[in-house]
Amino acid sequence: MRRLRLGIPVQILLVSSFLLLLPWLGVELVREQQRLVLDGQERALAATARRAAVALSDRPSLLLAGDAGAGPGGVLRILDLPGPVVPDGQTEDWDDLTFESHRLPAFDAGPASSSPLSAEYRLGRHGSGVYVLFEVRDGEVVLRAPDREPDGGDRLEIAVVTADGEFLRFAVDAVADGPVSSWLLRDDDPSAPDNRIVGAWRTTANGYTVELRLPRTLVGQRLAFGVVDVDSPETRQVVGRLEGSDMEAPGDLAVVLAPSPEMGDLLDSLAGPQTQVW
C-alpha cells in the first residue's frame with residue numbers, strides 16, 4: 001500500500017489553514033460562554049422575580065399604601081438623606097446632594113408683583129424628620145411685623161394630608177433673620193401658633209432662604225408647598241403667589257412617594273451575593 005506523501009508546500013498550506021481557523025474558534029467559544037452566562041442570569045432574575053411575587057402576594061399593603069393616583073400636583077419623591085441636617089437657613093448641608101430640585105410655578109392671585117419672584121426647593125428625610133430647603137428669589141423682601149398674624153409679610157405655605165387622612169395647612173414666616181414662626185391655618189378661626197414645624201429664615205441679596213424640619217408623622221399621603229409675596233410694608237397686600245396646585249383642595253396636592261423600610265428589608269432578603277434588587 002502506497003503511503004500518501006504531501007509536499008512541503010501542501011503541508012505549510014494545511015498548517016496555515018488550521019491557524020486561520022483558531023481566531024474563529026476562539027470567537028465561537030467566547031460567544032457560547034456569553035450565551036451560557038446570559039442564560040444563567042436570566043434564570044436567576046426569573047427566580048428572584050418569582051420569590052418577590054410570592055413574598056408580596058402575602059403583603060399587598062406594601063404596594064397599595066397611600067393614594068396611587070397622582071392629581072394636578074404631580075408626585076413628590078422624598079428620598080433618604082445621608083446624614084442629619086441642621087435647619088439653620090444655610091445651604092451647606094445640601095451642596096453635595098444630587099436631590100431633585102422642584103420649581104414652583106406662578107399662580108394667578110393678586111395684582112402683578114413689581115419684583116421678580118421665583119422659588120425652588122429640595123427635600124429629603126432623615127430619622128424622624130422631613131427637611132426642606134427653600135431658595136426664593138424676591139426683589140422686595142417684607143418680613144412680618146411683630147404685632148401681626150401671618151398675613152402681613154412674605155411667607156411659605158405648606159399643605160399636608162397626614163397618614164391618618166387629616167388635611168392641614170400651615171404658614172411659615174419670620175419677623176427677622178433667625179428662627180421661623182409656624183402657624184396652623186384655619187378657615188373659620190384665627191391662625192394659631194404651631195411648634196411642630198421648626199427652622200430658620202435667612203435674607204439674601206436676591207431674596208431669602210428658608211430651611212425647615214417637619215416631623216415625619218406630619219407628612220403622609222399628600223404634600224404641597226407655596227410662596228406668598230408681599231412687596232409693601234405699608235399696605236401688606238399680597239402681590240404674587242407661587243404654588244404647584246390648589247392648596248385648599250386635598251385631592252390636588254402632590255402624591256408623596258418615599259422609600260418603604262419594609263419593602264427595603266424585603267428586597268434585601270431577596271438579593272443574593274453581588275445582586276442588586278430595586
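Rings of Phe, Tyr and Trp (its six-membered ring) are taken to pair if their centres lie within 6.5 Å, and a pair counts as stacked when the planes are under 30 degrees apart, as edge-to-face when they are over 60, and as tilted for the rest. This is a predicted model, in which local features need pLDDT of at least 70 and side-chain atom pairs count only at pLDDT 80 or more, while totals for chains, interfaces and linings use all residues. Residues are numbered from 1 along each chain as its sequence is written, and side-chain values use heavy atoms, with hydrogens and water left out.

Begin with the whole chain, coloured by secondary structure: there are 3 helices and 16 strands, where helices (H or I, at least four residues) and strands (E, at least two) are DSSP runs numbered from the N terminus. Of the 278 residues, 38% count as buried, buried meaning under 20% relative accessible area, exposed over 50%, and partly exposed in between (1.4 Å probe, protein chains only). Among contacts (heavy atoms within 4.5 Å) with a separation of 6 or more, 63% come from residues 24 or more positions apart.

Next, select Tyr121 and Phe134. By the ring rule the chain has 4 aromatic pairs, and Tyr121 and Phe134 form one that is stacked, at 5.0 Å centre to centre and 20° between the planes. Because Tyr121 belongs to strand 5 (residues 117-126) and Phe134 to strand 6 (residues 129-138), this pair ties together parts that are 13 residues apart in sequence. Tyr121 counts as buried at 6% relative accessibility, and Phe134 likewise counts as buried, at 0%.

Keep Phe134 selected and add Phe225: the ring centres are 5.5 Å apart with the planes at 70°, so this pair is edge-to-face. Since Phe225 is in strand 14 (residues 222-230) and Phe134 in strand 6, the pair ties together parts that are 91 residues apart in sequence. Both Phe134 and Phe225 are buried, and with all three residues shown, the ring pairs can be followed as they link Tyr121, Phe134 and Phe225 into a cluster.

Finally, turn to the surface and select Val15, Phe18, Leu19, Leu21, Leu22, Trp24 and Leu25, which make a nonpolar patch of about 700 Å². The accessible areas come from the Shrake-Rupley method with a 1.4 Å probe, and for residues only the protein chains shown count as cover. Leu25 lies in helix 1 (residues 8-57) and is partly exposed, with a relative accessible area of 40%.

Conventions. Patches are made of residues with over 30% relative accessible area and no salt bridge: like charges are joined within 9 Å, nonpolar side chains (Val, Leu, Ile, Met, Phe, Trp, Tyr) within 5 Å. A salt bridge is a side-chain nitrogen of Lys or Arg within 4 Å of a carboxyl oxygen of Asp or Glu.
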